[in-house]
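Let's take a friendly walk through one protein model together. Have a look at the picture first, and then we will go through some of its helices and its core.

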Amino acid sequence: MMLSYVAIAVALFFAMNIGASGTAASMGAAYGAGAIHNRRAAMLIVAIAALLGAVLGGGEVVKTIGNGIIPSSVLSVETVIVILFSATFTLFLANLMGIPLSTSEVTVGSIIGVGLAYKSLFASKLMVILSFWIIVPLISFGVAYVLGLAIKRAERKWTFLTGAGKWKRWLGFLLVAGGAFEAFSAGMNNVANAVGPLVGAGIMSTSSGVWIGGAFVALGAVVLGGKVLETNGKKITRLSLLQGSAVSFTGGTLVITASLLGIPVPLVQATTCAIVGVGTAENGFRLWQKGVIRQIAQVWIVSPVSSLVVAYAVMNLWLMPNPYILIVILSVFIATVGSISLSRTIRKEKSTIHDQGGGI
């Protein structure tokens, strides 16, 4: 019974962090463009939209996370703790190193790690999920590119569409609605990352899982999402009101479609590819976009693989003790700490050179 409470506590903490990161970022474009000025009001809209998304449409993805990748017979309280711990620990390490990871991909990676430890995986379902991780960002780029071209022509022909005069208010409403729509899609898809393993292990039902998980995702957005909103809003100030709306509605629509099919997908990657698509339509393909695409590819690989390794290692260390795995874990831990220290040293040296007026 105590382990069940531990599993629930970790899951709800994970849900709050989901709300504070990916969900809160959905209103970044609207906040950065000045369509909504009150940060608390923005977070309240995000929280309500995410809760509605989780309750109204989160059940299918919860089922996939719960028993669609590995058999539910494998999911005990102990393995649920391993999955949630591995996902949370991986995200924590990534935050220390400044590497952005997808919560959906990290969670799926942790589940795969447990499945590999038990030599039990639904390979066909897994291949469907992996294919969606490739297809959704590509479609997002393509749709946003087409919308970007249409917006570019429309803004040149009708200047009021750029947000001039009284139209700025109505276009601002459209952008806020797009942010709420994106938060709704995040609630549908991402709440499963936290409560799906609990449902699969029979610790709670699907209906109670989406309500409780959705509530804590919303709580995380309100309590912890302000800083993410500030950071994300400042990064997306180059988009016009219509361009920002196109990004939000494109990413949100694709994630909702995947959610109805029960497929966990990375909202951040869909949104980022939409931004690249709109930017390409506006200015052509630039060098910075190559860096963004490279980062997306790295996140796509690092997110599931890193959590998979952690989950597999913990399974062998805790539930299936193996001294060789302990050596591997210690080696990885030492290497990780060393890389963090080295990256911090390099950043300090670069900062010192920059302050002294030097260059590289």
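What should the 17 residues of H12 span at 1.5 Å a residue, and how far apart are its end C-alpha atoms? The expected span is 24 Å and the end C-alpha atoms are 24 Å apart, so the two agree. The expected span of a helix is 1.5 Å times one less than its number of residues. Helices (H or I, at least four residues) are DSSP runs, numbered from the N terminus.

Some ground rules will help here. This is a predicted model, in which local features need pLDDT of at least 70 and side-chain atom pairs count only at pLDDT 80 or more, while totals for chains, interfaces and linings use all residues. Residues are numbered from 1 along each chain as its sequence is written, and side-chain values use heavy atoms, leaving out hydrogens and water.

Helix H11 (residues 241-260) can be set beside H12 (residues 267-283) in a small table.

| Helix | Expected span | End C-alpha distance | Buried residues |
|---|---|---|---|
| H11 | 28 Å | 28 Å | 16 of 20 |
| H12 | 24 Å | 24 Å | 12 of 17 |

Buried means under 20% relative accessible area, exposed means over 50%, and partly exposed lies in between (1.4 Å probe, protein chains only). Among the buried residues of H12 are Leu267, Cys273 and Val278. Gly262, just after H11, takes a positive phi of about 80°, and Gly284, just after H12, takes a positive phi of about 80°.

H12 also has a packing partner. Helix H7 (residues 123-157) packs with H12 at an angle of about 35°, their axes 7 Å apart. Axes are lines fitted to C-alpha atoms, for helices over the stretch in contact, and angles run from 0 to 180 degrees between N-to-C directions. Contact means heavy atoms within 4.5 Å. Residues making this contact include Val136, Phe141 and Leu149 of H7 and Ala270, Cys273 and Val278 of H12.

Now for the core. A nonpolar core is a set of buried Ala, Val, Leu, Ile, Met, Phe, Trp, Tyr and Cys residues joined through side-chain atoms within 4.5 Å. The largest one has 52 residues, and Val265 is among those that touch the most other members. Leaving aside neighbours within four places in sequence, the contacts of Val265 include Phe132, Trp133 and Val136.

Finally, consider Tyr118 in helix H6 (residues 103-118). Tyr118 is partly exposed, with a relative accessible area of 35%. Its C-alpha atom is separated by 9.9 Å from that of Asn316, 198 residues apart along the chain.

How values were computed
Helix = DSSP H or I, 4+ residues; strand = E, 2+ residues; numbered from the N terminus.
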